[in-house]
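Reader: I have a chain to look over and some questions about its fold. Can we go through it piece by piece?

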Amino acid sequence: MDYNQLAVNLLDAKSLISSLGAIGLIAIIFAETGLLVGFFFPGDSLLIIAGVAASNAASSVLGDGTKLPIAALLIGAPLAAIAGAQLGHLIGVRVGPKMFDKPESKIFRREYVVKAEEYFNKFGPGKAVVLARFMPIVRTFLNPVAGTLEMPARTFFLWNVVGGVLWTESMLLIGYFFGDALAPVIDKYLIPAVLLIVLLSISPILVEVVRERRKKKAGGAEEPAAGEAVQAGGRHRRA
């Protein structure tokens, strides 16, 4: 077995779908959102190509006998995304402080928790959880960070469902309805298309960042007092 080729295939959406099918895709969506080691999976492109694989263009993109059932994808993918994020939140609740407080850790750093807390406070928990779905890597790590910050389970579940459904269904349906148009150019233009979708999804955050920088340059933004910062930082913690 060529292990180098296997490693490359793990990062290739077409190879993953051709090899694993609908059940494998659903399992990968769960792993990417729930298992912290799954952050490297190509979730966005995987879902779009899965939609193409469920369309009439399946044979021209992936070959004969690889067509996937769209109904199973539309049901299974959001359920896997929601369940995975819930697992990530639970991991954050149970072991988050220990995991992120290790000074020698290269992946789970305390600074990520601080930045995520600022993100929650600035945009609100709902928008933070939903928008994170459309950001590679962020959608993996935000869930345990939310648990570490003790974001209420009901609040997280509500917005987790909204974000999980919007992310999976939109990506799948883009591939499904535009499969014929994407088939001839999918290798060349899929990644730029996904990046464009991600850019559009995080545009509200970029707008806020630009506004904040302009306020600071104009001298209109005041630094919060230390006590105020602590109070704001605990907004998502349980009493």
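Author: One term to begin with: helices here are DSSP runs of H or I with at least four residues, numbered from the N terminus. With that numbering, glutamate 150 sits in the loop between α8 and α9. Also note that this is a predicted model.

Reader: Glutamate 150, then. Which sign does its phi take, positive or negative?

Author: Positive, at about 60°, and the residue comes just after α8.

Reader: And is glutamate 150 buried, partly exposed or exposed?

Author: Glutamate 150 is partly exposed, with a relative accessible area of 27%.

Reader: How far is it from histidine 89 in space?

Author: The C-alpha atoms of glutamate 150 and histidine 89 are 8.9 Å apart, with the two positions 61 residues apart in sequence terms.

Reader: Back up to the whole chain. How many helices and strands?

Author: There are 13 helices and zero strands. The pattern along the sequence is therefore α repeated, as a helix is a DSSP run of H or I and a strand a run of E.

Reader: What share of the chain is buried?

Author: Buried residues account for 44% of the 239 residues.

Reader: And the contacts, how many join residues at least 24 apart?

Author: Counting contacts between residues at least 6 apart in sequence, 77% join residues at least 24 apart.

Reader: Now α8. How many of its residues are buried?

Author: Ten of the eleven, so α8 is largely enclosed by the rest of the structure. The buried ones include Arg139, Phe141, Asn143, Pro144 and Thr148.

Reader: An asparagine in there. What does asparagine 143 touch beyond its sequence neighbours?

Author: Leaving out neighbours within four places in sequence, asparagine 143 is in contact with Thr33, Ala85, Gly88, His89 and Phe156. Its relative accessible area is 5%. His89 is thus a contact of asparagine 143, and histidine 89 is also the residue whose C-alpha lies 8.9 Å from that of glutamate 150.

Reader: Why call asparagine 143 buried?

Author: Buried means under 20% relative accessible area, and asparagine 143 has 5%.

Reader: What about α3, how many residues are buried there?

Author: Eleven of the eleven residues of α3, which spans residues 43–53, are buried, so this helix is largely enclosed by the rest of the structure. Among them are Gly43, Asp44, Ser45 and Gly51, along with Leu46, Leu47, Ile48 and Ile49.

Reader: How do α3 and α9 cross?

Author: Their axes come within 6 Å and cross at roughly 45°. The two helices are therefore oblique to each other. The crossing is right-handed.

Reader: Which residues meet there?

Author: From α3, Gly43, Asp44, Leu47, Ile48, Ala50, Gly51 and Val52; from α9, Trp167, Thr168, Met171, Leu172, Gly175 and Tyr176. That contact divides into eight nonpolar, four polar and one charged residue.

Reader: What does α7 do against α9?

Author: The axes of α7 (residues 125–132) and α9 come within 8 Å and cross at roughly 35°, and the crossing is right-handed. On the α7 side the contact is made by Pro125, Gly126, Val129 and Val130, and the α9 side includes Thr155, Phe156, Trp159 and Leu166. There are seven nonpolar, four polar and no charged residues in this contact. Phe156 also touches asparagine 143 of the α8 helix.

Reader: And α5 with α9, at what angle?

Author: Roughly 145°, with the axes within 9 Å. That crossing is right-handed too. Its residues divide into 17 nonpolar, five polar and one charged.

Reader: Which residues touch the most other members of the largest nonpolar core?

Author: Ile17, Leu25, Ile29, Leu47 and Leu73, out of 23 residues in that core. The elements giving two or more residues to the core are α2, α3, α5 and α9. A second, separate core has 20 residues, including Tyr119, Ala128, Met135 and Ala146.

Reader: Last one: isoleucine 28, buried or exposed?

Author: Isoleucine 28 is buried, with a relative accessible area of 7%. Its place is in helix α2. The C-alpha atoms of isoleucine 28 and alanine 77 are separated by 9.4 Å, while the two residues are 49 apart along the chain.

Methods
Residues are numbered from 1 along each chain as its sequence is written. This is a predicted model: local features need pLDDT of at least 70, side-chain atom pairs count only at pLDDT 80 or more; totals for chains, interfaces and linings use all residues. Side-chain values use heavy atoms; hydrogens and water are left out. Buried means under 20% relative accessible area, exposed over 50%, partly exposed in between (1.4 Å probe, protein chains only). Contact means heavy atoms within 4.5 Å. Axes are lines fitted to C-alpha atoms, for helices over the stretch in contact, and angles run from 0 to 180 degrees between N-to-C directions. Angles under 35 degrees count as roughly parallel, over 145 as roughly antiparallel, 65 to 115 as roughly perpendicular and the rest as oblique. A crossing is left-handed if the near helix is turned anticlockwise from the far one by less than a right angle, and right-handed if clockwise. Ala, Val, Leu, Ile, Met, Phe, Trp, Tyr, Cys and Pro count as nonpolar, Asp, Glu, Lys and Arg as charged, and the others, Gly among them, as polar. A nonpolar core is a set of buried Ala, Val, Leu, Ile, Met, Phe, Trp, Tyr and Cys residues joined through side-chain atoms within 4.5 Å.
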